Amino acid sequence: MSTSSWWEGTRLVAARSLSDGARSRTMRITTLILLLIGMAVVFLPRVLGGDQPTYTLATVGPVSPAVQTQLDAAGQAAGFGVEYLGAADTQAVEFAVREGDATVGLADTIMYVRSDAPGAFPVMVAQAVVAQESAGLMLEAGLTAEQIGRLASIPPPDQVEVGPVEDEGRAAVGFVVGIILYMGIMFSGQMIAMNVGMEKSTRIAEVLLAVLRPSQILVGNVIGIGIQTLVQLLVLAVPIVVALTVADGGLDLPSVAAGDIGLGVAWFMIGYVVYAFLFASTAALVDKITEVGSAIMPVTIVLVLTYVGAVVLVPMDPNSPLSITMSMFPLTAPMAMPIRWAAGVVPVWQLLLSMGLAIATAALLARFGSRVYQRALVVTGRRLKLREVLPERT
């Protein structure tokens with residue numbers, strides 16, 4: 001059979017799988033749910049985020065200009081607003097705080113704070129009062145206003161956050177990408193297994209074998225179901241990528257996270273091919289479709305352990321020997337490497353080597369799976385064991 005003829009038969013099988021999926025009510029409902037999830041991720045932060053928080057300071061009479069100036073500057077820098085409430089006396093200040101009309105109250109040397117007030121604002125108020133009193137003492141000591149202003153303008157040390165990842169927001173995106181990849185590979189793998197089990201148990205495979213090679217049936221199913229799942233992932237990812245790449249997207253995440261999502265799609269395609277042939281070849285061993293779940297259990301266990309290791313161990317220390325090994329080993333790389341890459345600690349050569357190893361493994365598993373699939377399809381009437389259909393050594 002020529003290469004063109006082989007691909008033509010494979011294309012027909014893939015088209016059949018796509019057609020069946022498009023007519024499936026489950027497929028349409030799942031795609032709609034994923035679209036709604038993608039849109040919710042984009043718009044819910046806007047809806048639920050609301051305006052910036054606003055705190056109220058109650059004082060006896062009007063607030064001191066020095067305190068107001070410092071609090072307004074702190075609010076502008078930290079993204080919150082400050083309102084001021086003038087009260088008649090100390091009792092009125094305490095009452096305003098107790099009733100929730102004010103967040104913090106100042107009366108002489110006493111500061112009233114609501115029990116549910118955020119910790120940062122009372123500290124800022126206290127600092128502003130201390131700064132005002134300190135400025136008064138400095139004036140009494142003979143310092144000029146200019147000297148006091150120079151002392152007050154001394155900047156604090158630059159704060160540099162350090163941790164196992166370069167950007168927490170980007171790492172969070174990588175974590176979510178790893179979870180979605182697991183769900184996509186698991187869902188599509190089970191779809192392939194059920195499809196293969198159905199074709200064999202209903203003898204559809206025997207009809208197809210009359211005109212097609214087993215490798216054409218296998219690869220066609222893998223391509224068809226893979227395209228369906230990829231479309232669903234794109235339906236989920238596209239709104240998020242758009243939100244990350246426009247100025248008013250509504251997500252407080254670095255723009256580089258959009259590229260990480262795109263890389264996650266590429267890793268899905270690689271990981272899908274790696275596991276698809278394992279799911280298909282093990283599902284071909286069954287005689288009844290009800291046996292598919294137990295037949296693919298070993299592959300499912302490997303995939304679940306891979307997922308747990310990727311989302312639990314890798315984020316803890318992306319540069320640990322275990323994390324590096326998981327991101328390079330072909331069976332664990334599709335979920336571990338996107339999480340490590342989003343942590344910003346992966347050299348480009350490791351990414352390229354990991355992808356190359358995974359692609360080479362996928363090609364080997366495709367050849368191995370095709371041989372197992374070919375031998376298993378022609379045996380019916382009983383469930384087979386894997387050693388019965390393993391390719392014979394030459």
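Let me begin at a single residue, Gly142, which sits just after helix 5 and takes a positive phi of about 105°. Before I go further, please keep in mind that this is a predicted model, and that I shall describe it as such throughout.

From that glycine I would like to walk back into helix 5 itself, which covers residues 120-140. Helix 5 has 21 residues and reaches 31 Å from its first C-alpha to its last, which is close to the 30 Å expected at 1.5 Å a residue. Which residues of helix 5 are buried? They are Phe121, Pro122, Val125 and Ala128. Seen down the axis of helix 5, these buried residues fall within an arc of 125°, so they line one face of the helix. As a general point, an α-helix has 3.6 residues a turn, so residues three or four places apart point the same way. On the face of helix 5 that is turned away from the buried side, we find the exposed residues Val130 and Leu137. What do the buried residues of helix 5 pack against? Their partners are strand 1, helix 3, strand 2, strand 3 and strand 4.

That brings me to the sheet. Four strands form an open sheet in the order 2-1-3-4, and the pairing in this sheet is mixed. Its edge strands are strand 2 and strand 4, the latter being residues 110-113, and each of these pairs on one side only. From one strand to the next, the twist averages 20°. Helix 3 packs on the sheet, where it touches strand 1 and strand 2, and its direction makes about 155° with that of strand 2. Helix 5 also packs on the sheet, touching strand 1, strand 2, strand 3 and strand 4, and the direction of helix 5 makes about 25° with that of strand 3.

Now let me take the strands in turn, beginning with strand 1, residues 54-60, which is mostly covered, with five of its seven residues buried. Strand 1 is joined to strand 2, residues 81-87, by seven bridges, and the two run parallel; within that pairing, Thr54 stands opposite Gly81 of strand 2. The connection between them involves helix 3, residues 65-78, and together strand 1, helix 3 and strand 2 make a right-handed β-α-β unit. Strand 1 also pairs with strand 3, residues 104-107, again in the parallel sense, over three bridges, and here Thr59 stands opposite Leu106 in strand 3.

How do the side chains of strand 3 point, and are they buried or exposed? Val104 and Leu106 point one way, Gly105 and Ala107 point the other way, and all of them are buried. This can be set beside the general expectation that in a regular strand the side chains alternate between the two faces of the sheet. The pairing of strand 3 with strand 4 is antiparallel and runs over four bridges, with Ile110 of strand 4 as the bridge partner of Ala107. Strand 3 and strand 4 form a hairpin with two residues between them, and Asp108, in the turn, has a positive phi of about 60°.

Stepping back to the whole protein chain, there are 16 helices and four strands. Of its 394 residues, 42% count as buried. If we take the contacts in the chain with a separation of 6 or more, residues 24 or more positions apart account for 71% of them.

I will finish with two serines elsewhere in the chain. Ser354 lies in helix 15, residues 348-377, and counts as buried because its relative accessibility is 0%. Leaving aside neighbours within four places in sequence, Ser354 is in contact with Trp267, Ser327, Met328, Ala333 and Met337. Ser294, for its part, belongs to helix 11, residues 292-295, and counts as partly exposed because its relative accessibility is 41%. Between the C-alpha atoms of Ser294 and Ala283, which are eleven residues apart along the chain, the separation is 9.1 Å.

How values were computed: Residues are numbered from 1 along each chain as its sequence is written. This is a predicted model: local features need pLDDT of at least 70, side-chain atom pairs count only at pLDDT 80 or more; totals for chains, interfaces and linings use all residues. Side-chain values use heavy atoms; hydrogens and water are left out. Buried means under 20% relative accessible area, exposed over 50%, partly exposed in between (1.4 Å probe, protein chains only). Two strands pair if DSSP finds at least two bridges between them. A crossover is right-handed if, with the strands pointing away from the viewer, the path from the first strand over the helix to the second runs clockwise. Axes are lines fitted to C-alpha atoms, for helices over the stretch in contact, and angles run from 0 to 180 degrees between N-to-C directions. Contact means heavy atoms within 4.5 Å. The expected span of a helix is 1.5 Å times one less than its number of residues. The arc is that of the directions from the helix axis to the C-beta atoms.
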